[in-house]
Each structure stands twice: as structure tokens, then as C-alpha cells.
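Subject: Structure for your review

Dear colleague,

I am passing on the structure we discussed, with some notes on its cysteines, its nonpolar cores and its internal cavities. Please read the notes below with the structure open beside them.

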Amino acid sequence: MHKLFSETACRLTPRKGVIILSLLASYLLCSCDDQTEHQNSTQIAVDLSDIPWQADWITADQPTADKNVWLAFRRSFELTEAVPSIKLRLAVDTKYWLWVNGTFTVLEGGLKRGPTPEDTYFDEVNLSLKKGKNTIALLQWYFGKNGMTHNSSGQPGLIAEFYKEKELLFKTDTSWKAMAHPAFNSESADPQPNWRLPESNIVFDARKDITEWMTNNFDDSKWPYAKMLGNGITAPWNQLVKRPVPFWKDFGLTVYKNKLDFPFISTGDTIVCKLPYNAQVTPYLKVKAKSGKRITMLTDHYKGGSEYNMRAEYITKEGVQEFEALGWINGEKMYYVVPEGIEVLALKYRETGYNTTFAGSFECDDPFYNQLWQKALRTLYVTMRDNYMDCPDRERAQWWGDVVLESGEAFYALDRNADALTRKGMLELMNWQRPDSTIFSPVPAGNWDKELPGQMLASVGYYGFYNYYLHTGDLEVIRQVCEPVRKYLSLWKLKPDGSVAIRSGGWTWGDWGDNRDVPLLINTQYYLALKGFERMLEAVGQSAAAEKTRQQMKEFKESFNEVFWQGDHYRSAGYHGLTDDRSQGLAVVAGLADEERYESISQVLKTQKHASPYMEKYVLEALFQMGYEAYALERMKERFSKMVNHTETSTLWEGWGIGAEGYGGGTTNHAWSGGGLTLLSQYVAGISPVKPGYEVFRINPQLTEFNTIKAKVPSIKGIIVLEVNRKGDTYNLTTQVPEETKALICIPLKYQTITINGETFLASGDPLTIESVLEHSEEQDVRVLKMTPGKYYIEAF
């Protein structure tokens with residue numbers, strides 16, 4: 001035993017006492033700052049990656065259910081001196097809550113399983129231990145069933161190691177105490193959550209609770225010892241991969257928006273509590289009740305997207321009691337179904353979510369676009385946690401068509417903590433690549449294996465993997481995915497006419513909605529995949545392969561236009577529906593359609609409106625790229641007005657309507673509808689990276705009918721601040737160019753006088769030399785100034 005341990009710590013002698021079960025008293029009453037993690041803030045720069053796992057996998061040595069299992073673990077020991085810096089590494093399938101000496105330390109640790117089809121994620125936690133007796137207490141939730149974005153190991157287990165520097169202090173073994181927590185019922189009454197979700201309903205019977213079991217003074221002498229399942233890296237958990245994303249942000253217990261007058265006696269009617277917006281929350285209650293009364297907690301999204309989601313149920317004990325359901329649910333409203341006669345003392349909620357900040361912003365003269373941007377941001381945030389999700393209620397699944405749009409939005413709206421979630425998704429997608437080189441999503445998944453070819457091409461392409469590199473400059477992950485991408489693209493074969501042959505995959509989906517020209521859709525997405533791959537090859541130094549891909553793209557583009565161009569629009573030979581607007585837009589943004597075809601395509605996009613909100617992003621982007629900014633904004637307002645102006649939803653929808661008027665079940669929180677956020681920041685505010693990692697970026701605002709645009713973009717190099725004002729014949733642009741980058745600032749050519757921070761740059765004739773202006777040139781309708789880092793006030797008239 002390590003010298004820090006006293007000899008008495010080794011004696012696990014029985015203690016006198018009675019087992020009294022309690023779960024959440026400490027959890028509910030713990031103090032924590034809003035918008036913080038519970039994890040101890042002490043940072044320990046110790047790399048344990050070269051130390052093999054030595055601990056045992058343990059579980060409760062008693063029969064348990066095969067799913068929805070909750071286990072309680074304890075380990076007490078004594079130290080001869082305090083250890084202020086401990087690094088704990090631990091893994092479970094699936095989630096855990098951790099207390100150290102009765103202090104709540106980790107809120108919902110663990111990630112849904114599946115960095116590869118065989119392996120498991122582990123956490124590293126920084127904490128401190130005191131001199132004398134210390135107690136580690138951990139509650140584990142084992143999902144025990146597969147789902148989209150979770151691949152169950154089939155066995156609940158815990159492994160943990162505690163290090164001082166690189167010296168192992170103690171670990172999990174059979175000296176730990178472990179038991180199934182008796183207050184949790186493994187089965188609830190129907191309805192159950194739909195098959196896509198690995199989570200189950202939570203049913204907690206307070207009559208069977210364990211009081212103060214996570215504290216130092218609790219007597220666990222009658223608890224059984226843990227059972228050993230294996231040592232170190234072992235099946236069924238296999239290799240352990242370090243958690244690549246931060247622990248969740250905790251916003252603290254909060255009163256509902258419609259503040260109720262407490263206390264009151266329940267009449268048996270459902271109590272409706274309003275959340276400030278659609279959020280990931282855990283509901284809390286404090287009541288005085290007789291024993292055996294059942295209280296149900298669910299949200300207005302309980303059947304969001306036409307399928308049942310999660311709910312929580314609490315069975316009362318006698319007297320005053322409080323409870324917080326640990327499994328998060330989401331919605332705009334929380335419903336408490338409280339039996340008649342119960343005295344309700346308090347109702348609250350705790351919002352948790354991905355640990356990032358809303359660092360970006362956009363504002364213009366028209367409140368509609370400001371509201372669209374904000375609703376897109378809210379939709380983005382509620383669809384982030386273990387992975388990017390299509391929706392947080394029906395599926396929580398990492399569909400990669402959605403991820404492409406979500407990650408693009410995150411670069412403009414969130415701080416750079418968000419990049420870790422995109423990187424995690426990229427590595428998961430390619431680590432799940434099958435021996436035949438096919439890829440599929442959602443992954444991780446234990447109950448899904450179908451490839452959607454269009455979404456897979458989007459994921460590895462220009463707007464997917466390459467866009468991540470363009471915004472982050474993260475070359476390491478590009479090196480890791482480049483070869484798997486090559487293998488996947490090698491599956492796609494060209495027909496004799498030079499177009500790409502359609503691979504059916506598992507589900508040739510394309511998009512929701514009618515008039516889908518699938519061969520045309522696939523061909524445009526294939527070219528975008530080549531476009532992204534060519535740039536990735538160049539980035540990793542494979543110049544010969546990049547040149548070969550460029551030649552392939554050139555030949556494909558020629559064939560594409562010969563095969564599909566019909567004189568005034570694109571169409572495949574066997575397609576007889578109305579002209580597909582999605583494919584016209586994709587042809588433009590891919591670079592398949594040259595400028596001489598823009599006028600014809602723009603006319604198509606003024607009459608054909610078939611795309612879902614997912615594909616509408618590419619249609620609108622095509623209009624911006626072709627120079628039809630005013631119509632792009634007009635179409636954006638027309639298409640999204642119903643959901644943006646809807647007063648009962650704070651998020652954007654899966655389809656153009658709700659329920660039967662929507663698509664795929666009609667969720668009202670679907671992040672693929674948020675592409676407008678990206679477009680407003682990238683094209684209207686005009687801020688976009690030119691070289692990877694914002695080494696060089698462009699500022700080219702498109703005022704159209706606006707007179708004022710304000711924006712912030714949280715780039716990897718720092719916050720880019722922009723404000724543009726137009727008044728009469730005067731044009732003012734204020735910006736902040738971060739260090740270690742250069743900005744290409746575009747000023748409309750019609751202005752003949754330009755000053756920069758009060759110094760004349762252009763008055764008449766040729767521009768003057770100013771130290772902050774490295775270069776200047778003319779492009780179409782703008783004068784481009786290449787600027788050094790700094791704050792600038794530019795006036796033009």
C-alpha cells in the first residue's frame with residue numbers, strides 16, 4: 001500500500017449500523033456556480049497516456065436487470081497527509097455521478113459508448129483529497145440497450161485509478177463496496193422511449209432510498225463487496241479512449257419562467273411550468289406527501305417528432321422530500337403530474353449542456369433575420385451533448401447531414417470548445433468504417449447500420465471535413481481521416497458517360513420533400529466530396545494525389561455538364577418531376593455550374609421551392625454566391641417565416657410545418673434548419689476564412705437593403721468584431737483584426753475617398769501608402785485592402 005495510506009485504511013472490518021438508503025440529498029443541495037462544471041477546478045498537467053491500466057473492472061455482486069441498471073459504489077480510505085492534486089481516470093458503461101467526501105464533484109460523467117465499434121470512452125477528473133478519512137462515492141447508470149449513438153457493451157462495470165503525479169495511489173478492486181441502488185426501478189409502465197434512444201424512463205421509489213450514502217460518515221459495513229469482472233483493458237469494454245469533449249456546463253437550479261406561489265396543495269391537475277427556451281433540463285421537486293404517491297415529470301416534447309421520448313417518475317415517501325431526476329429531457333415546458341392532496345413546496349429545473357459559450361453574434365436592421373439567427377443558435381445548442389444530434393427528443397442521433405450544417409453554424413456562433421465535438425464526430429465516423437470501406441451514420445450505434453450515400457458524401461466533402469480544417473487549421477485530424485476518405489471515395493465508380501453511378505447504400509434518401517432528382521443530387525454531392533478531398537490531400541502534402549484528383553474533377557465537371565445541363569436547368573435523363581431546386585443550388589456551390597449559367601439557375605430558384613430546410617441552406621448559399629443577395633434574403637424570409645415568427649417555439653423545425661405538415665415526424669428542434677445563421681454571418685456580414693485557421697480571412701459585407709450590420713465571429717485566432725453603417729453617401733466600417741492573422745477588407749468601389757483611423761488612404765488618384773495596409777487590389781465591385789492585426793475605423797464616401 002502506498003505510504004500515504006495509514007495501516008488502518010487497509011483493514012476493511014465490519015462496522016455496526018443499519019443500511020439507510022438515500023440518493024440525491026447531497027446532489028440537490030450541493031453548491032455550484034451557474035454555468036460551471038462540477039468537476040474540481042484544480043488543473044493537473046499530468047499525462048497518463050503512457051501508463052497501462054492496472055485497475056480491475058468491478059460491478060455489484062448480485063443479480064441485476066439487463067437494462068436501466070443503477071449501481072452505487074463506495075470506497076473509504078485514510079491518508080496520512082492531504083493530496084491537493086489527484087488525477088482520476090475512470091470508465092463506465094454508460095453514465096456516472098461522483099461525490100468526494102460527500103461533495104458533489106461530477107455531474108453526469110461518461111460518454112455514450114463507441115469511439116470505435118468495440119471500444120469505450122474514459123474520463124479524467126481533477127480532484128483533491130484531505131488528510132484522514134476520505135470517501136469516494138459513485139452512482140452508475142447502465143443503459144443496457146443499444147440505440148442510435150450508443151453501442152452497449154452488454155455489461156455494467158466500473159474501472160477507476162487515482163494518481164498523484166504518475167504514481168498510482170489506489171484503484172478499483174474487490175475492496176470496493178457495490179450494490180444495485182434499490183430506489184431505482186428498472187422497468188416503468190408503458191409507453192417506453194422509442195427504439196432510437198438507449199435511455200430508459202427513470203422511476204425512483206423514495207421509500208427505498210439510501211440516506212446520505214455518498215458521505216464520509218455513512219456506515220457501509222453491510223454493503224456487499226464488489227465483484228471483479230476483469231483487469232485493465234479487457235472485453236467487453238476493450239480499449240479505453242480518453243474523453244475528447246469537456247464535461248457538461250451546469251447552469252444551476254432555477255425557478256421556472258412562470259413563477260408559482262408556493263406552497264400550494266395539488267388538485268390533481270397537471271402543473272405546467274414554462275422554461276425560458278428549449279433546453280436540456282433535469283426537473284426538480286420538493287413536496288410534502290404521504291407515502292406511495294406517484295409523481296410524473298415530462299415535457300411538451302415527450303412525443304416530439306411523433307415518437308415517445310423519456311419521462312421520470314417519483315414515488316413519494318412519508319413527509320417532506322426533494323428529488324431531481326438525473327436523466328436530461330428537453331422542451332419548452334415541463335409538466336408535473338402531481339396527485340391530489342400533495343403539498344407542493346418548490347418546483348425547479350437544472351439546465352445542463354455542452355460546455356461552450358455563445359461567443360458569436362449577428363444583428364441587422366430587420367428583426368426577422370436577427371430572430372432567425374437567435375433561433376438557429378438555440379436549436380444548435382439544444383442539439384449538442386455527447387454528439388451532435390438531429391433532434392434532442394426523438395433520436396439524439398448523429399446523422400452526418402445534420403452535423404455538416406451544425407458544425408458550420410458552430411464556427412460562427414460558439415467558442416472554440418465546440419470544435420472538439422466536430423472532431424469527435426469525424427473520428428467516430430471514420431473509425432466505424434467497415435472492412436468493405438463503406439461508412440454510415442448515425443454512429444456510434446448498436447441498432448443501425450444503413451448508409452445514406454448523399455449524407456456520407458456530404459460528411460467527407462467540402463462542407464464537412466474540409467470546412468472543419470478551413471476554420472480550425474487542425475491538420476492532425478485531417479491526416480487521420482484522409483486515407484479512410486480515400487477508401488470510401490474509391491467505392492464510387494463512373495459510368496461510360498462520365499457521371500457517377502448511384503450507390504443505393506442502405507437508404508437512398510436524398511432529402512425530405514417532393515421532386516428530388518436523386519441522380520443529380522448524388523452527382524453534385526460526389527463532386528463536393530472530391531473538392532474537399534483534393535484540398536485535404538494538398539494540406540497533408542500529397543501533392544501528386546491532389547493533382548490527380550484535380551484532373552479527375554476537371555473531367556467530371558465536363559461530363560456532368562454534358563449529361564445534365566438541359567439548356568436552362570440541370571436534370572437527369574430519367575427524372576420527370578418538377579425541376580429540383582436542391583440540385584441547382586448544389587451545382588453552383590460545388591463549382592460545377594459556371595457563371596454563364598447563373599441567370600438561368602436564378603430563374604429556376606425563383607419558381608421552384610421543393611427543398612427541405614436541410615437542403616434549403618445550399619439553395620440560399622448558391623444565390624449569395626451568384627450575386628443575388630437580395631433575392632437570397634427574400635427567399636430566406638419567405639421559406640422560414642412560419643417557424644421564425646412562431647411564438648410558442650424557440651427553435652427551428654425539421655420541416656416547413658409542425659407535425660403532419662412537417663417531415664420525418666416533424667420535430668420542432670432540428671439543427672439542420674439553422675443554415676441561415678451561417679449564411680447571415682458568412683455572406684451578409686461577409687466574414688469567412690480564406691486560408692485554414694483564419695491565417696487570412698475576408699470581410700465583405702453585403703448590405704443589400706440594410707443600413708447597419710453588426711457581427712462577432714469567434715475565430716480560432718480570436719474574436720473578429722465588425723460593424724458596418726451606411727448613411728447617405730457615407731460608408732463606415734469598424735472592425736477588429738485578431739493577432740496572427742490578416743484581413744482582406746472589401747470596400748465598395750463606388751466610394752472614392754477612404755480614411756483608415758483618420759489617416760487618408762484614398763482621396764484622388766492612386767491609393768497612398770499606409771503601414772497597416774499590406775496590399776490593395778480591385779475585384780469586381782470592391783477594393784480589397786489586406787490589413788494587419790489591429791482595430792480599424794474605416795470611413796468611405
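A disulfide is taken here as a pair of cysteine sulfur atoms within 2.5 Å. Please keep in mind throughout that this is a predicted model.

Cysteines

By that rule, the count of disulfides comes to 0. Why does cysteine 746 form no such bond? The closest cysteine sulfur belongs to cysteine 364, and because it is 20 Å from the sulfur of cysteine 746, the two are too far apart for a bond. Cysteine 746 has a relative accessible area of 1% and is therefore buried, and cysteine 482, at 4% relative accessibility, also counts as buried, since the cut-off for that term is under 20%.

Nonpolar cores

The largest nonpolar core has 198 residues, and those with the most contacts inside it are Trp213, Tyr336, Phe465, Ile747 and Ile756. Helix H8, which spans residues 518-539, gives the most to this core, contributing 12 residues. Separate from it there is a second core of 31 residues, which includes Leu79, Leu90, Val100 and Ala160.

Cavities

Rolling a probe the size of a water molecule over the atoms shows where empty space is left. In this model there are 6 cavities of 30 Å³ or more, and I describe two of them here.

The largest cavity holds about 80 Å³ of space. Its lining is made up of Val404, Leu457, Ala458, Gly461, Tyr462, Tyr463, Gln525, Leu528, Ala529, Leu586, Tyr614 and Tyr618. Helix H5 (453-460), helix H6 (462-472), H8 and helix H12 (613-626) each supply at least two residues of that lining, with the largest share, 3 residues, coming from H8. Helix H8 thus appears twice in these notes, as it also gives the most to the largest nonpolar core. By residue type, the lining of the largest cavity divides into 10 nonpolar and 2 polar residues, with no charged ones.

The second largest cavity holds about 60 Å³ of space. Which residues lie nearest its centre? Of the 13 residues that line the second largest cavity, these are Glu108, Trp141, Phe143, Glu199 and Trp328. The lining of this second cavity divides into 6 nonpolar, 1 polar and 6 charged residues, whereas that of the largest cavity has no charged residues.

With best wishes

Conventions: Residues are numbered from 1 along each chain as its sequence is written. This is a predicted model: local features need pLDDT of at least 70, side-chain atom pairs count only at pLDDT 80 or more; totals for chains, interfaces and linings use all residues. Side-chain values use heavy atoms; hydrogens and water are left out. Buried means under 20% relative accessible area, exposed over 50%, partly exposed in between (1.4 Å probe, protein chains only). A nonpolar core is a set of buried Ala, Val, Leu, Ile, Met, Phe, Trp, Tyr and Cys residues joined through side-chain atoms within 4.5 Å. Helices (H or I, at least four residues) and strands (E, at least two) are DSSP runs, numbered from the N terminus. On a 1 Å grid over the protein atoms alone, a cavity is a set of points where a 1.4 Å probe fits but cannot get out, and a pocket is an open set with protein on both sides within 12 Å along at least five of seven lines; lining residues have an atom within 4 Å of a point. Grid points are joined across faces, edges and corners, and a volume is the space filled by probe spheres set on the points. Ala, Val, Leu, Ile, Met, Phe, Trp, Tyr, Cys and Pro count as nonpolar, Asp, Glu, Lys and Arg as charged, and the others, Gly among them, as polar.
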